[in-house]
Amino acid sequence: MKRTALVLLAVLACSRSQPRPPPTAEVVLTVEGRLRGSPVQLDLAGLHGFEQRTLRGHDPRAPSELSYEGTSLAALVRELDPKREVDLAVVHGASGYAVAVPLPAIRQYRPVLAEKASGRPVAEAIGADAGRLVLAWPNSDAPGFDVDPRTRWWWARDVKRIELVPWYRTYGRALRVPAGAGDDARRGADAFANSCIHCHRLRGVGGERGPDLSAWTPSGGPAQLLETVRAHASRFPELKGVDLTRGVPEIAAFLEAVRSAGSPLPGDEPPEEKQEEPKEEMPPPTMPPMGPYGVR
């Protein structure tokens with residue numbers, strides 16, 4: 001009996017690290033990137049196999065806070081066993097929206113991939129564009145959550161794909177300020193990261209909701225960019241009440257520096273991965289036989 005129990009535990013331990021088999025029903029979420037068995041496709045049953053939890057939050061596009069129920073994103077990431085250098089989850093939502101969230105923030109705040117909001121499917125509770133899954137955050141339960149200016153953009157609707165990647169190979173390279181650029185361009189890179197890259201691609205990274213800004217031509221300079229940004233608020237409900245005009249001159253300076261430098265920049269290629277050399281197994285040392293009293 002004891003031997004059977006030990007064998008069963010060993011089988012369970014081994015199966016935990018094996019890639020999950022493809023789902024037999026409709027795929028609701030694909031997780032890819034630098035993790036074991038990538039890509040991992042999950043149907044509802046597979047998604048429900050991870051920790052489920054409930055939180056209270058207020059989607060910036062919803063009229064009030066609701067109770068969101070779904071799969072813990074922190075548990076999902078942990079169980080899928082990402083490689084050591086992974087520190088960023090890029091969550092792809094509706095209409096090309098892509099939000100990059102640091103893994104420490106996911107572990108700290110434990111958001112959910114919500115299927116229900118206050119007992120109803122999210123599409124019924126907050127809008128048809130919510131799709132099957134919404135990335136929901138406990139901004140009503142976690143005091144101080146909204147102090148971070150990035151958190152407003154971390155909500156994502158109609159989530160179907162998540163990438164687990166290293167920051168320095170993806171967003172770090174895209175937001176790198178070209179050599180020789182001024183301090184205004186450096187401040188613009190930060191502002192672009194906080195407010196723009198979720199909807200706009202830059203150097204192959206970011207959202208696809210808006211146009212690619214890698215080769216933005218400042219024909220009208222910062223003034224033209226300012227008018228474009230102001231028009232955003234009337235087109236996108238989630239931008240209501242958000243002052244997007246702050247940092248526009250700096251963003252323009254950053255985009256101009258990126259355009260002038262061209263792509264790829266010198267050193268823009270990701271560093272080559274170091275392959276770990278297999279450790280050579282050493283034979284056990286030979287020892288002389290023991291004497292009758294433990295003396296060799």
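Here is a walk through this structure, from the whole chain down to a few aromatic rings. Keep in mind that you're looking at a predicted model.

Let's start with the overall picture. The chain has 296 residues, and 41% of them count as buried. DSSP-style bookkeeping gives nine helices and 13 strands. If you take contacts between residues at least 6 apart in sequence, 64% of them join residues at least 24 apart. The accessible surface comes to about 17100 Å², with 54% of that belonging to carbon and sulfur atoms.

Now for the strands. One open sheet has five of them, in the order β2-β1-β11-β5-β6, and the pairing is mixed. At its edges sit β2 (40-42) and β6 (98-102), each of which pairs on one side only. Neighbouring strands here are turned by 20° against each other on average, direction ignored. Inside this sheet, β5 (residues 88-92) and β11 (residues 161-165) pair in the antiparallel sense over five bridges. To find that pairing in your viewer, look for V90, whose bridge partner in β11 is E163.

Next, have a look at β7 (residues 112-117). Five of its six residues are buried, so the strand is largely enclosed by the rest of the structure. What does β7 pair with? Five bridges join it to β4 (residues 66-72), and the two run antiparallel; along that pairing, Y68 stands opposite A117 in β7. Another three bridges, again antiparallel, join β7 to β9 (residues 134-136), where A136 is the bridge partner of V112. Then there's β8 (residues 120-121), joined to β7 by two bridges in an antiparallel arrangement. Here A117 turns up once more, with R120 as its bridge partner in β8. β7 and β8 form a hairpin with two residues between them, and S118 in the turn has a positive phi of about 50°.

Y68 deserves a second look. In soluble globular proteins, nonpolar side chains tend to be buried together. In this model the largest nonpolar core has 49 residues, and Y68 is among those that touch the most other members, along with L29, L76, V159 and I162. Leaving aside residues up to four places away in sequence, the contacts of Y68 include R53, L55, V112, A117, I126, A136 and W155. Apart from that core lies another one, of 30 residues, including A100, A174, A181 and A257.

That contact with W155 takes us to the aromatic rings, where the count comes to six pairs. Y68 and W155 pair edge-to-face, at 5.4 Å centre to centre with 65° between the planes. The two come from distant parts of the chain: Y68 is in β4, while W155 is in the loop between β9 and β10 (156-157), 87 residues apart. Are these two rings buried or exposed? Y68 is buried, with a relative accessible area of 0%, and W155 is buried too, at 6%.

A further pair is W137 with F145. Their ring centres are 5.7 Å apart and the planes sit at 35°, so this pair counts as tilted. W137 is buried at 0% relative accessibility, and F145 is buried at 1%. Both also belong to a cluster in which ring pairs link Y109, W137, F145 and W154.

Definitions and conventions
Residues numbered from 1 in each chain as written. Predicted model: local features only at pLDDT ≥ 70, side-chain atom pairs only at ≥ 80, totals over all residues. Heavy atoms only, no water. Pairing = 2+ DSSP bridges. Helix = DSSP H or I, 4+ residues; strand = E, 2+ residues; numbered from the N terminus. Axes fitted to C-alpha atoms, helices over the stretch in contact; angles between N-to-C directions. Core = buried A, V, L, I, M, F, W, Y, C linked by side-chain atoms within 4.5 Å. Buried < 20%, exposed > 50% of the residue type's maximum accessible area, 1.4 Å probe, protein only. Contact = heavy atoms within 4.5 Å. Areas by Shrake-Rupley, 256 points an atom, 1.4 Å probe, with all protein chains shown as cover. Phe/Tyr/Trp six-rings, centres within 6.5 Å; stacked < 30°, edge-to-face > 60°.
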